[in-house]
Amino acid sequence: MKGISSTTTAVAQRNQEESGEQKLEEERSSMMTGFVMFIVGLVMIMGTHSRVTIPRDSIKELIQKALVESMAQKQRDLIQGDKELMEQDPEVMPGFFQGDMAGMFDGEDDLGRVGINFKQFPNRKWPNNTVHYLISDLYVPEEYQIIKTAIDMLGFFTCITFKEWDGDKPDYLIIWPVQKPNGCWSYVGRLGGPQIVSLQKPDKKSPQCFAGLGRPLHEIMHALGVYHEQSRPDRDKFISVTKTNVLTGFINNFDKLASTNVSLPFHYDYNSIMHYGTNFFSKNRKNPTLVPKEKGAKIGQRITLSQLDCLKLNSMYGCLDDEAFDKRKYYTICDFLGLESTHASVHKTASEEFYCDIRLNQDYSNRRR
Ligand SMILES: [Zn+2]
């Protein structure tokens, strides 16, 4: 019996052991199933999570970000990189031609005009006076609103139409906070294809390109084809360059445009939003590099278009060439809504010395009749 008993006990024990093993196996299997389910669940949650937190627009945004940065890369080889530039005005920092003008064409600096001569370079003008634009989603609503207001203002001041990019038009402005090079910068005139206008977001150092509407207006004015005011060939009558205060190696940013075969349809404009500030490219940012010759004249405003900036754009885009009503309309808008020039003596001198397509003295009143 003992043997049977012991055999029975042994069988029972084996059965128990087998049952235990089976349980263990079942538990192991259950744990595995649980683990697999956990992983599947985690993946599903992560999948759901990623679908929730990275919407399609943001993925598109990331792709565009890479695209915009690689587009900017093409310009980076051409810049005059310098650590000192990083402490300068955000229009000087990019280190392009005259600080913020990217992709200048050969021979363009010989034109000697306030803006691109569209008769000579018709492709640089935005066709049908229409500019399509895309504003980066990387901007917060307040920054977006500043850019949009600047665009709306340019549209209101002129016969140029601005439309949001529809995803199809081949030529359009991409308004973007480019990382390298950062700062406020733009190409001059239409390039063809997507075209960057870089507006650096505010940071701990400064509001960068968002202190107001001025910087966005200035850079978009470049994109429409307008150069810097102080590079005019006649500027030495109105402004002195203090070369000793200019950062070493950057004096060429104060070059004048050639005066060959030049007609200057507008007076020199201290009030222009396209004029350098008094300490641009200054060695210590305090000693002036540009000093107006007229006593009390101030330069480098970045508030809004001057009266003449407004007329320059309207003249370049033929807004003053059409019906009498349109002409009167844009003269009136520029007169009342742009910054008025406070330097009457400069106007008088300039109108006597230069050929003027548009005069703001006695001819102006005639146009309004
Ligand atoms: Zn500029």
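**Exercise 1. Are Trp-185 and Tyr-187 buried or exposed, and how do their rings meet?**

Step 1. In this predicted model, Trp-185 and Tyr-187 are both buried.

Step 2. Now look at the whole structure: a search of it finds eleven aromatic pairs. Trp-185 and Tyr-187 form an aromatic pair, with 6.1 Å from centre to centre and 65° between the planes.

Step 3. Planes over 60 degrees apart count as edge-to-face, and that is the label for Trp-185 and Tyr-187.

**Exercise 2. Work out why the pair Phe-254 and Phe-281 is edge-to-face, and which parts it ties together.**

Step 1. Start with the distance: the ring centres of Phe-254 and Phe-281 are 5.9 Å apart. Pairing asks for centres within 6.5 Å.

Step 2. Next comes the angle. The planes of Phe-254 and Phe-281 stand at 75°, so this pair is edge-to-face.

Step 3. Find both residues in the chain. Phe-254 and Phe-281 each lie in the loop between strand E7 (239–241) and strand E8 (290–292), so their pair ties together parts that are 27 residues apart in sequence.

Step 4. Check the surroundings: Phe-254 and Phe-281 are both buried. They also belong to one aromatic cluster, together with Phe-250, Tyr-276 and Phe-280.

**Exercise 3. How many residues of helix H4 (residues 214–224) are buried, and what follows H4?**

Step 1. Go along the helix and count: eleven of the eleven residues in H4 are buried. Among them are Arg-215, His-218, Glu-219 and Leu-224.

Step 2. Step past the end of H4 and you meet Gly-225, which has a positive phi, near 115°.

Key. Residues are numbered from 1 along each chain as its sequence is written. This is a predicted model: local features need pLDDT of at least 70, side-chain atom pairs count only at pLDDT 80 or more; totals for chains, interfaces and linings use all residues. Side-chain values use heavy atoms; hydrogens and water are left out. Rings of Phe, Tyr and Trp (its six-membered ring) pair if their centres lie within 6.5 Å; planes under 30 degrees apart count as stacked, over 60 as edge-to-face and the rest as tilted. Buried means under 20% relative accessible area, exposed over 50%, partly exposed in between (1.4 Å probe, protein chains only). Helices (H or I, at least four residues) and strands (E, at least two) are DSSP runs, numbered from the N terminus.
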